[in-house]
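I opened a fresh page for this chain and wanted to look up a few things in turn. The notes below follow the order in which I looked.

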Amino acid sequence: MELRQLRYFVTVAEEANFTRAAARLHLAQPGLSAQIRQLERELGQQLLDRSGRTVTLTPVGAAVLPLARAALTATERITHTVDEFTGLLRGQVRVGMISEAATDEFDAAGVLAAFHRDHPQVGISLTEDTSDRMLAALGRGELDLAIIGDSGAELDPAVAAETVLDTAVVAAVAADDARFGPGLTLSELCRHQLIALPRGTGIRGVLERACAAAGLTPDIAFEAAAPPLLMRLAAYGLGVAVVPEPTETEAAAMGVRTLPLTPALRGRLILTWRTDRPLAPAAKVLLGQLRIALTAR
């Protein structure tokens with residue numbers, strides 16, 4: 001029995017699907033299936049039931065799963081302990097980051113560059129995705145750290161979070177659009193076609209939660225992954241963009257003016273990590289540097 005076989009078994013159990021598990025492990029599906037069959041032969045018991053549309057655990061598999069997870073965690077702790085004792089930083093740090101994290105207020109890219117200069121033997125794997133998907137990846141152990149938008153939903157108790165940036169969420173309209181006054185209520189906002197970030201992003205979550213609490217349904221006409229593009233679409237009169245508040249210079253450059261919302265909405269950028277399992281030494285050092293950069297603002 002090999003540790004990699006236990007890792008494969010745990011991943012298939014979590015995904016309930018060999019194809020998704022193989023993609024997550026960056027393996028070919030036939031090879032993954034062969035390794036699981038070999039593990040089952042060595043144990044003399046079937047661990048997975050493959051007869052249905054999804055892969056499920058057999059009673060033996062259900063009993064083995066927590067033990068397999070414990071064995072993998074123990075192995076990680078041994079490696080981390082040795083690395084910390086020798087002061088060695090190596091391996092890979094997996095970071096998730098939304099595009100808004102690369103700002104003048106909090107230059108996450110600059111922190112990553114400084115970390116790489118100090119520790120060139122450590123690889124940095126950078127992922128950009130929606131906040132919800134990166135938070136899920138953090139929970140599955142596929143990311144060590146994630147800088148995400150906070151939707152206002154309650155976080156898993158095992159997730160630690162520190163605020164990186166807190167900003168107003170505003171409406172952006174074409175600079176020459178005379179239909180709008182100096183501000184908008186949430187009810188007035190929902191009477192217009194909206195241009196918003198995709199579902200699963202922090203500010204989209206803030207908007208949807210506020211509308212749901214007020215009994216309103218936003219009409220999302222266009223979606224884009226970056227606030228500057230949302231404002232450009234608004235400048236062409238395609239709708240009202242819901243964005244983190246830009247500076248006056250940024251708004252003017254995009255051809256929009258911004259309107260405060262009532263009630264006021266806030267968007268938060270947060271640095272997150274798991275507290276229910278140990279961070280690798282390299283990830284722990286990078287986390288410390290990000291938190292120093294956070295408090296130095």
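**Cysteines**

I began with the disulfides and found that the structure, which is a predicted model, holds 0 of them. Why do C190 and C211 not form a bond? I looked up their sulfur atoms and noted that the sulfur of C190 has its closest cysteine sulfur in C211, at 3.6 Å, which is too far for a bond. Read from the other side, the closest cysteine sulfur to that of C211 is the one in C190, again at 3.6 Å. The cut-off I needed here is that the two sulfur atoms of a disulfide lie within 2.5 Å, so the 3.6 Å between C190 and C211 does not qualify. I also checked the cover on each residue: C190 is buried, with a relative accessible area of 14%, and C211 counts as buried at 0% relative accessibility.

**The chain as a whole**

Next I stepped back to the protein chain, for which I noted 11 helices and 13 strands. Its C-alpha atoms fill a box of roughly 75 × 50 × 30 Å along the principal axes, and 43% of its 297 residues count as buried.

I then looked up the domain assignment, which gives domain 1 as 3–77, domain 2 as 88–164 + 270–295, and domain 3 as 166–266. How far apart do the C-alpha centres of domain 1 and domain 3 lie? I wrote down 46 Å for that separation.

From the UniProt record, an unreviewed entry, I copied the feature "domain: HTH lysR-type" at residues 1–58. Over residues 1–58 I found the chain to be 62% helix and 7% strand, with the end C-alpha atoms 19 Å apart.

**A196 and V240**

I turned to A196, whose place is in strand β8, residues 193–196. Is A196 buried or exposed? At 2% relative accessibility, A196 counts as buried. I also noted that A196 and V240 are 44 residues apart in sequence, while their C-alpha atoms are 8.5 Å apart in space.

**A nonpolar patch**

Last, I looked at the surface and asked which residues make the nonpolar patch of about 310 Å². The patch is made by F222, Y236 and L238, and I followed Y236 a little further. Y236 lies in the loop between α9 (227–235) and β10 (240–244), and with 62% relative accessibility Y236 counts as exposed, because the cut-off for that word is over 50%.

Key
Residues are numbered from 1 along each chain as its sequence is written. This is a predicted model: local features need pLDDT of at least 70, side-chain atom pairs count only at pLDDT 80 or more; totals for chains, interfaces and linings use all residues. Side-chain values use heavy atoms; hydrogens and water are left out. Patches are made of residues with over 30% relative accessible area and no salt bridge: like charges are joined within 9 Å, nonpolar side chains (Val, Leu, Ile, Met, Phe, Trp, Tyr) within 5 Å. Accessible areas come from the Shrake-Rupley method with a 1.4 Å probe; for residues, only the protein chains shown count as cover. A salt bridge is a side-chain nitrogen of Lys or Arg within 4 Å of a carboxyl oxygen of Asp or Glu. Helices (H or I, at least four residues) and strands (E, at least two) are DSSP runs, numbered from the N terminus. Buried means under 20% relative accessible area, exposed over 50%, partly exposed in between (1.4 Å probe, protein chains only). Domain bounds come from an automatic or database domain assignment. UniProt positions are given in the numbering used here, feature names are shortened, and annotations may be inferred rather than shown by experiment.
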